[in-house]
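User: Hey, got a minute to walk me through this one? I'd like to go over it bit by bit.

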Amino acid sequence: MAFLRLSGLTVAAALAGGTAWAGCDLAGGDIRILGNDFAAINAVVDGARACEGDGVSFSANLTTEHRDIQVAALTPNPAEYTSAIVANSSIVPLINAGLIRPLDDLVAEHGAGLNRNQLITIDGQVMAIAFMANAQHLFYRSDILEQAGVAVPTTYEEVLAAAEAIRAAGIMEHPYAMNTKVGWNLAEEFINMYLGMGGSFFEPGTANPAINNDAGVAALEMLAALNAYANPDFLTFDSNATAALWESGQLALATMWGSRAAPILDDEGSTAEITGATMLAGAPTVGGGTTPASTLWWDGFTIAANISDEDAEATFVAFMHGLSADNVAANNDLAVWLAPGYTPGATAGGVFATANAGAAPYPMLPYMGLMHTALGDNLSEFLQGQESAAQALADVEAAYVTAARAQGFVE
Amino acid sequence: MPHRTFLWFILPSLLAMILFIALPIGSVLVQSMHVEHEQVLIETETCGPFGCTPSVSVDQNATRALREAQPLGRFNGLRTYTDRNHLATAEVAQAWSETDSLTGFAGRLMNLPFYKALAFTLAYTFVVTPLVIVLGMAIALGVNGLPQLMKGTTIFVSLLPMIVTPLVGSLILFWMIDADGVIGATLQRLTGDPNLSLKASPVLTWITLFVYGIWHSAPFAFIVFYAGLQTVPAETLEAAQIDGASRWQRLRYVVIPHMAPLVVFVVLIQLMDNFRVFEPIVGFSAAANATSLSYFIYSDLRGDVAQFGSAAATSMLTILGVAILLTPVLIRTWRDFNRKRV
C-alpha cells in the first residue's frame, strides 16, 4: 500500500515543483556518467545533457557492462566518471570501497523536487537517489488461459496447474518461461523463489551461508517443476530470449522483468493479437507464503567521492534536470518512475501489484554479490537432473564460503 | 653469431617481452598469493523506496586503515590454489578416501568446479587439435590441386571462418542451432524428436563446441600448410614419380616429412589456443554444460564483486597447464634442433 500511496504523492509534488529547474545555472564543471543501457536510463541521461555548454562539459558511457568497470573507474583520483548509475545490487561494491559520496548537502541545496522515498539512505546518510523501480512479475495471455479454462494464477502452484492445463489441451507444449540463463539470471530466480518460501540467506548477524535447508530444497524443486513446462533450452534464456519468445507468441505464462512490459506491449516486434491479450499480474506467491516470490529493485544515481565539489554539484544538478517532472512525464511509460511527474500507466501494473503485496527488496548486503555468483554457478546440474537439490545447495555454500573467505567476509 | 652481438640483436624484443609479458605475469603471481583484508562490518539501517531494513555494511575507516597498512591485502601463500574453487586438495583427498571405485571418485571430482572445467578444456584440446591438423592438411592439398584460376576465390572462402570474429561466429551458430533456427529445426525434423535440443544436453553441447572449434581453427592450419606445400621440392616429387611412387606414397614419404616442422608449429599454436577455449562458451551460452579455465577467470572478474585473487590463481594454473601440454612438443623440437646442429 505504501508504494501506491507514494505514487499519489508523486503527482502532487510534480504539480508543485514542475518549473523549479528551468535552467541549470552552473558556473562550470565536468559531468561524466557511467550507467546501464536501457530506454529509461537513456531518457534520464538525455534530459541531463541539457546542462551541457557554458563551461559545463558532458559525456556519458551507457553500457550493459557498466557493473564490471564501475569500481575500477571510480577508484582513481580524480575518478573517470563523476556519477555511476546503479541498482540496489551494484551500489554495494561502491559503498564497500568508499567510492561514492554522501549526498545530504546536495539534496538540501538542489533536491527540493525529490520525493522522500527516492533517497537511499545508509545509516542516515543519503548515498543514492533512486529514480525507478523494477521487479519480476507474471505476464500471461488472457486468450490462452481462457481457452484452457483456467483462472489467472496467484501462486506458483497455480502456475503449474495452468501450464499443465494448457499442455493437456494441446495448445502449447512449452507454455512457461522465466529468465533461467546459467549465471546471474538463474541465481536471481532462485533468490526470488527462496524469499517467497520464507528463507533467509545468511545466519543472523554473520556472513555464513544458510540456504541448505527445507526452504532452499523446496525453492529448487519449484524451479525444476516450472521449467518442466519450459523449452528444454531454458538454461540459455536471458531477458532478451524470454521477451522474444513472448513476442513471437510461443508463451502463455512467463515471469519477466517489469521493465520489459513497455517494449513487449508496444506495437513493434509482435502482433496485435499477442500484445492485445498480454496481461500483467503481480508475482505469484509460493509454498503457502504470503509475500510474492520476487524481489524489488530500484535504479538510481550516485556521485563519485574522488571528484571536485564543483563537478559533484554540476552532476547532481544535471540529474535533477534529467528527472524533472516534464522529462519524466514525457517518458512516462518507459519505467515505473519514482520521481515526481509520473502517472502510473498500463505497463506498471505488474510491478505495482508486486510491491504492494509486500515483496522484499533485494538484500543490500556486502557479501550478497558473492552469494549471487555462487548460486549462478552451481544450480544448473540439479535442474538438468544430474544431482540432488541438497547437493546443489551444499555446492553453493561451499563455493560461497571459499570466495567469501578470500574476500575477508568469513573466517 | 657471437653471444655479444646476439644479445644486442634481441635486446629490444627482450625488453618488450619483460615489460609486457614477464612483469604482468609476475604481478598476477603476487596477486594470486594475497586475499582481501578482513572486512570490518557494522550494523546499519538502509532506507529506500521500499521502506527501511536493518542491514550490514563495511566500516570505511577501519578498512581504510587496514588497506593503507598492507596495500596488497593479506598474504595467503598458496592457499588460494588449494581451495575448493581451484585445486581443492582437501576435497579431492576426502573423495579419494571415501569412495571405493574409480567411477565414484570421478563423479565426486566432477562435482568440483576446477576439475569439471579441466575435463572439458582437455577434451576440447585433444579432440579439436588433431582434427584441425587433419582437416587443414586435407583442405590445403585439395586447394593446391585446383586450377590456378579458382585458387584465389577458394582460399578466400576457406579463410572466412577465421576472419569472422570468434564471438560473432559462435553467436551466429548459436542462433542457427536454436530450436527455431535452421540447423536446430532441421535436426528435429530429421530425427523426428520435437524435444531435441543441441543446447540442453551436455553431450550435444560438447559436440557443438568441438565442431565450432574445428570450423574456426581449420583455416589457420590450412593457410600454414598451403604455404608449406608451395616449398615442396618439385624435383623430389618428380623423382618419386619416376620411381613409381603412387599419389599416396608421394604424400606419405615426400610431402608429409617435408611439412613436419610446420605440423609441429601448428600443433603448438593449437594446443595453446584450445587450452584457453573461451569465446564459444560465452557465445553459445554453454556454461551450464561446459566451462573452461578461461571462463572461470572471466566469471571471477565479472559481477558485483571482482575476485582478483581467485582469477589470478586460475590464470597461473592456466599458464602451468599450457606449459605441461607444450613440454613434450618442445622437447621433441629441441632434440631435432640438436641433432641437426651435430
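User: What stands opposite A:T121?

Analyst: That's B:C47, in strand β2 of chain B. Keep in mind this is a predicted model.

User: How do β4(A) and β2(B) run, and how many bridges join them?

Analyst: They run antiparallel, joined by 2 bridges. On the chain B side the strand covers residues 41–48.

User: OK, zooming out. How many residues of chain A are in contact with chain B?

Analyst: 51 residues of chain A touch 44 residues of chain B. Several elements of chain A each put in at least two residues, including α3 (66–74), β4 (119–122), β5 and α16 (368–378). The largest share comes from α18(A), with 6 residues.

User: And what's that side of chain A like by class?

Analyst: It has 27 nonpolar, 17 polar and 7 charged residues.

User: Switching to chain A itself. Which domains does it have?

Analyst: The domain assignment gives two: domain 1 is 7–133 + 296–344, and domain 2 is 135–294 + 361–406. Their centres, taken over C-alpha atoms, are separated by 30 Å.

User: How many residues are in contact between those domains?

Analyst: 14 from domain 1 of chain A with 10 from domain 2 of chain A. On the domain 1 side, α4 (91–96) and β9 (295–303) are the elements giving two or more residues, and α4(A) has the largest share, with 3. By class, that side has 10 nonpolar, 3 polar and 1 charged residues.

User: What about the largest nonpolar core, which residues touch the most other members?

Analyst: A:A133, A:Y176, A:F190 and A:L253, out of 203 residues in that core. Strand β5 of chain A, residues 125–141, gives the largest share with 12 residues. As background, nonpolar side chains tend to be buried together in soluble globular proteins.

User: Which residues is A:Y176 in contact with, leaving aside neighbours within four places in sequence?

Analyst: A:V159, A:A163, A:L226, A:Y229, A:A230, A:L251, A:L253 and A:A254. A:L253 is also on the list of residues that touch the most other core members.

User: Now chain B. How many helices and strands?

Analyst: 15 helices and 4 strands. The radius of gyration of chain B is 26 Å, well over the 20 Å the globule rule gives for 342 residues, so chain B is more spread out than a compact globule. Its C-alpha trace spans about 90 × 70 × 50 Å along the principal axes.

User: How much of chain B counts as buried?

Analyst: 32% of its 342 residues. Taking contacts in chain B with a separation of 6 or more, 66% are between residues 24 or more positions apart.

User: Any backbone oddities? Where's the cis peptide bond at A:P78?

Analyst: It runs from A:N77 to A:P78, with omega near 5 degrees. A:P78 is in the loop between α3 and β3 (83–87) of chain A. For context, most peptide bonds are trans, and most residues other than glycine have a negative phi.

User: What's phi for A:D54, and is A:D54 buried or exposed?

Analyst: Phi of A:D54 is near 55 degrees, so positive without being a glycine. A:D54 lies in the loop between α2 (39–48) and β2 (56–62) of chain A and counts as exposed, because it has 11 C-beta neighbours inside 10 Å and the cut-off for exposed is 12 or fewer.

User: And B:S285, buried or exposed?

Analyst: B:S285 is buried, with 22 other C-beta atoms within 10 Å. Phi of B:S285 is near 50 degrees, also a positive value in a residue other than glycine, and the residue is in the loop between α13 (279–283) and α14 (293–301) of chain B.

Conventions
Residues numbered from 1 in each chain as written. Chains lettered and ligands numbered in written order. Predicted model: local features only at pLDDT ≥ 70, side-chain atom pairs only at ≥ 80, totals over all residues. Domains from an automatic or database assignment. Contact = placed C-beta atoms within 7 Å. Nonpolar A, V, L, I, M, F, W, Y, C, P; charged D, E, K, R; others polar. Rg over C-alpha atoms; globule rule 2.2 N^0.38 Å. Buried ≥ 20, exposed ≤ 12 C-beta atoms within 10 Å, placed from the backbone. Core = buried A, V, L, I, M, F, W, Y, C linked by C-beta atoms within 7 Å. Pairing = 2+ DSSP bridges.
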